[in-house]
Amino acid sequence: MGKAKVFVTRRLPEATLNRLAAHCELEIWDDFMPPDYATITEKIRDLDGLLSLLTDRVDAELMDAAPNLRVISNLAVGYDNIDVDAATERRIPVGHTPDVLTETTADFAFALLMAVARRIPEAERYILAGKWRTWHPTVLSGQDIFGATLGIIGFGRIGQAVARRATGFNMTILVNTEENRDKIAEIGAVEASLEQVLRESDFVSLHVPLTEVTQHMISEAELALMKSTAILINTARGSIVDGAALYKALDRGDILAAGLDVTDPEPIPREHPLLTLENCLVVPHIASASVATRTKMADMAADNLIAGLSGVPLPNCVNPEVYT
Ligand code: GLV
């Protein structure tokens, strides 16, 4: 039997690719931009494995175009780009890359929170615009982080890691979650309803996965509950927040500011209204982007892929029911 055939939808670190090449015949998509859906469908026809990114839609139709497909390995912790139910029906295991990015992503959520609270990007624009003429008692005053109330929505690995950081800033931490409720008190946080989190927090940070339930969970009504001095931070998925409602709330001053690592759509178009606002910091989905973490994620995705091709359970499988 020849080597298994695999399509990797972007160039990964060389060491990871070399390791994969020892196990399978690789086709690597070398462009900076992702392959489009039609291209992946074409490439996948006689493949045994797919190493996908969060920019690749992997749906039932795509799976049906690949009768030999034995494993899908997504280089991300989130997997809303994959129809996992369709994969499970076809008994295809789906891998992802949890844990290794938790602390890096929590660091970044906090960095975004602090940058927006203390208006760092605005302050740089101020200098570049030639406006720094003297020290002034009120110019570019922001919000205190120390001692403020942080609302965390979703208490998976990353939500908990953000909470741990917040304890160092002596923050009051309110948590709204369906999972890991037993961990809340352990970290020194307090459980709260969604309404209480929105009403009482100075910062609201989102850490739920994107599902049919969480899509637009922060919309006009929820933003209306927030303090006019509150700051919204989203490092989860863009469409958890209704972008049009957020624009209105920021523009009218219903909330103070937002920091977004994720947007809907991605990439955010250059002419998107959110990009016209001084009080909205948008960055291009980079929360897990440290050199060390992205390297570990690539290795983990390779481990999942190799396991799937070898017919052994994936070390990090989102649909382990395929093995029962
Ligand atoms: C990034 O957003 C990921 O899901 O890994």
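Trainee: In which sense do S4 and S5 pair, and over how many bridges?

Mentor: This is a predicted model, and in it S4 and S5 pair in the parallel sense over two bridges. Within that pairing, Ile72 has Val94 in S5 as its bridge partner. The connection between the two strands can be read as well, since S4, helix H4 (residues 84–89) and S5 make a right-handed β-α-β unit.

Trainee: What is the strand order of the sheet, and which strands are at its edges?

Mentor: The sheet is open and has five strands in the order S2-S1-S3-S4-S5, with parallel pairing. Strand S2 (24–28) and strand S5 (94–95) are the edge strands, each of them pairing on one side only. Helix H12 (residues 291–310) packs on this sheet, where it touches S1, S2, strand S3 (49–52), strand S4 (71–74) and S5, and its direction makes about 175° with that of S4.

Trainee: How many bridges join S1 to S2, and how many join S3 to S4?

Mentor: Strand S1 (residues 4–8) runs parallel to S2 and is joined to it by five bridges, and Lys5 stands opposite Glu25 in S2. Four bridges join S3 to S4, again in parallel, with Leu50 having Ile72 in S4 as its bridge partner.

Trainee: How should I read the two faces of S4, and are its residues there buried or exposed?

Mentor: The general idea is that side chains in a regular strand alternate between the two faces of the sheet. In S4, Val71 and Ser73 lie on one side and Ile72 and Asn74 on the other, and all of these are buried, so that both faces are covered.

Trainee: Turning to the backbone, which residues other than glycine have a positive phi?

Mentor: As a general guide, most residues other than glycine have a negative phi, and most peptide bonds are trans. Asp99, which is not a glycine, has a positive phi of about 70°, and its place is in the loop between S5 and helix H5 (102–117). His216 likewise has a positive phi, near 55°, and lies in the loop between strand S9 (203–206) and helix H10 (220–225). As for exposure, Asp99 is partly exposed, with a relative accessible area of 45%, and His216 also counts as partly exposed, at 33% relative accessibility.

Trainee: Which peptide bonds are cis, and where are their prolines found?

Mentor: The bond from Asp264 to Pro265 is cis, with omega near 5°, and the bond from Glu266 to Pro267 is cis with omega near -10°. Pro265 is placed in the loop between strand S11 (257–260) and strand S12 (280–282), and Pro267 is found in the loop between S11 and S12.

How values were computed. Residues numbered from 1 in each chain as written. Predicted model: local features only at pLDDT ≥ 70, side-chain atom pairs only at ≥ 80, totals over all residues. Heavy atoms only, no water. Pairing = 2+ DSSP bridges. Contact = heavy atoms within 4.5 Å. Axes fitted to C-alpha atoms, helices over the stretch in contact; angles between N-to-C directions. Buried < 20%, exposed > 50% of the residue type's maximum accessible area, 1.4 Å probe, protein only. Right-handed = clockwise from strand over helix to strand, strands pointing away.
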